[in-house]
Amino acid sequence: MIEMKDVWKAYPNGVMAVNGINISIDKGEFVYIVGPSGAGKSTFVKLMYREVKPTKGTIHFNGTDITKLKNRQVPKLRRQIGVVFQDFKLLPKLTVYENIAFAQEVIEEHPRNIRTRVMEVLDLVKLQHKARSFPDELSGGEHQRVSIARSIVNNPSVVIADEPTGNLDPENAWSIMDIFEEINRSGTTVVMATHNKSIVNTMKRRVIAIEDGMIVRDELRGEYGYEA
Ligand SMILES: Nc1ncnc2c1ncn2[C@@H]1O[C@H](COP(=O)(O)OP(=O)(O)OP(=O)(O)O)[C@@H](O)[C@H]1O
């Protein structure tokens with residue numbers, strides 16, 4: 001489903017963030033991306049959803065070479081990808097319900113279906129009772145659960161999460177992981193860049209380790225492998 005061939009990324013300031021990566025991620029996989037700070041993890045995941053364009057190489061997403069997409073074709077790609085960040089990025093003036101419904105309106109979902117689907121994803125993250133709350137009325141963990149609900153509302157084939165538990169205490173981090181596990185069980189691919197050693201070591205999923213922009217380890221039931 002995601003295939004990178006000989007992918008390089010040099011930023012305009014000359015930093016080589018990704019140096020010749022070859023990788024294939026199949027439908028339904030759960031993959032952790034680990035590595036030291038500045039190793040290139042964020043750049044690697046940004047390449048997958050065309051937030052960053054490679055300097056060289058090809059990246060196929062469900063059969064399409066996304067490096068060749070015109071900018072106007074990028075929204076269509078993004079509909080197939082849910083993205084979750086460390087710092088939530090909810091719209092502060094919209095309620096929880098509206099933040100999620102907005103993602104459905106953007107893809108012109110029929111208004112009749114929106115309410116059902118929004119309540120469905122709020123149920124998955126156990127926040128139906130917060131539908132009318134505003135982001136600043138939520139705890140950090142609740143905030144992140146809403147962002148996850150928003151990321152899956154359009155039924156993406158993959159969810160890409162960049163350090164989604166970074167701002168959360170261990171208890172909230174684990175409840176977020178339960179939600180990602182549930183999302184993955186329903187067949188959605190999950191790719192997660194993380195520094196959370198205990199989560200990676202407990203879950204025993206595929207682990208791709210990146211150092212200096214290169215893949216140094218790729219194990220099916222891997223470990224974090226660094227000091228926390
Ligand atoms: N927009 C940018 N312009 C220039 N250099 C950048 C840019 N984004 C990242 N870099 C550099 O590219 C390298 C890889 O950064 P990246 O954010 O991908 O690493 P990371 O592994 O995600 O780090 P962290 O774990 O600290 O989030 C670093 O040297 C960083 O300073």
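**Exercise 1. Overall composition**

Task: State how much of the chain over residues 2–228 is helix and how much is strand, and how far apart the end C-alpha atoms are.

Solution. In this predicted model, residues 2–228 are 33% helix and 26% strand. The C-alpha atoms at the two ends of that stretch are 29 Å apart. The range is that of a UniProt annotation, "domain: ABC transporter", taken from an unreviewed entry.

**Exercise 2. Domains and their contact**

Task: Give the domain assignment of the protein chain, then describe the side of domain 1 that touches domain 2.

Solution. Start with the bounds: domain 1 is assigned 1–80 + 157–228, and domain 2 is assigned 91–155. Next, the separation: the centres of the two domains, taken over C-alpha atoms, are 24 Å apart. Then the contacts: 11 residues of domain 1 are in contact with 11 residues of domain 2. On the domain 1 side, helix α6 (residues 170–185) supplies the largest share, six residues. By class, that side of domain 1 has six nonpolar, three polar and two charged residues.

**Exercise 3. The open sheet**

Task: Find the order of the four strands in the open sheet and explain why β2 and β5 each have one side without a neighbour.

Solution. The order is β2-β1-β4-β5, with antiparallel pairing. β2 (16–25) and β5 (64–65) are the edge strands; each has a single partner strand, so one side of each is left without a neighbour in the sheet. For β2, the pairing with strand β1 (residues 2–10) is antiparallel and runs over seven bridges. As one example, Ala 10 has Met 16 in β2 as its bridge partner.

**Exercise 4. Strand β6**

Task: Determine which residues of strand β6 (residues 81–84) point one way and which the other, and identify the bridge partner of Gly 82 in β7.

Solution. In a regular strand, side chains alternate between the two faces of the sheet. In β6, Ile 81 and Val 83 point one way, while Gly 82 and Val 84 point the other way. All of these residues are buried. β6 pairs with strand β7 (residues 158–162) in the parallel sense, over four bridges. Within β7, Val 159 is the bridge partner of Gly 82.

**Exercise 5. Helix α1 and the ligand**

Task: List the residues that surround the ligand and say how many of them α1 gives. Then state how many residues of helix α1 are buried.

Solution. The shell consists of Tyr 11, Asn 13, Val 15, Ala 17, Gly 35, Ser 37, Gly 38, Ala 39, Gly 40, Lys 41, Ser 42 and Thr 43. Sorted by class, these are four nonpolar, seven polar and one charged. α1 gives the most, with three residues.

Helix α1 (residues 41–48) is mostly covered, with six of its eight residues buried. The buried ones are Lys 41, Thr 43, Phe 44, Val 45, Leu 47 and Met 48. Just after α1, Arg 50 takes a positive phi of about 60 degrees.

**Exercise 6. Ile 199**

Task: Is Ile 199 buried or exposed, and which residues does Ile 199 touch, not counting those up to four places away in sequence?

Solution. Ile 199 lies in helix α7 (residues 197–203). It counts as buried because it has 20 C-beta neighbours inside 10 Å, and the cut-off for buried is 20 or more. Leaving out residues up to four places away in sequence, Ile 199 touches Thr 165, Ala 173, Met 177 and Thr 194. Pro 170 is 29 residues from Ile 199 in sequence, with their C-alpha atoms 9.3 Å apart in space.

Note on methods: Residues numbered from 1 in each chain as written. Predicted model: local features only at pLDDT ≥ 70, side-chain atom pairs only at ≥ 80, totals over all residues. Buried ≥ 20, exposed ≤ 12 C-beta atoms within 10 Å, placed from the backbone. Contact = placed C-beta atoms within 7 Å. Domains from an automatic or database assignment. Nonpolar A, V, L, I, M, F, W, Y, C, P; charged D, E, K, R; others polar. UniProt positions renumbered as here; feature names shortened; annotations may be inferred. Pairing = 2+ DSSP bridges. Near = placed C-beta within 6 Å.
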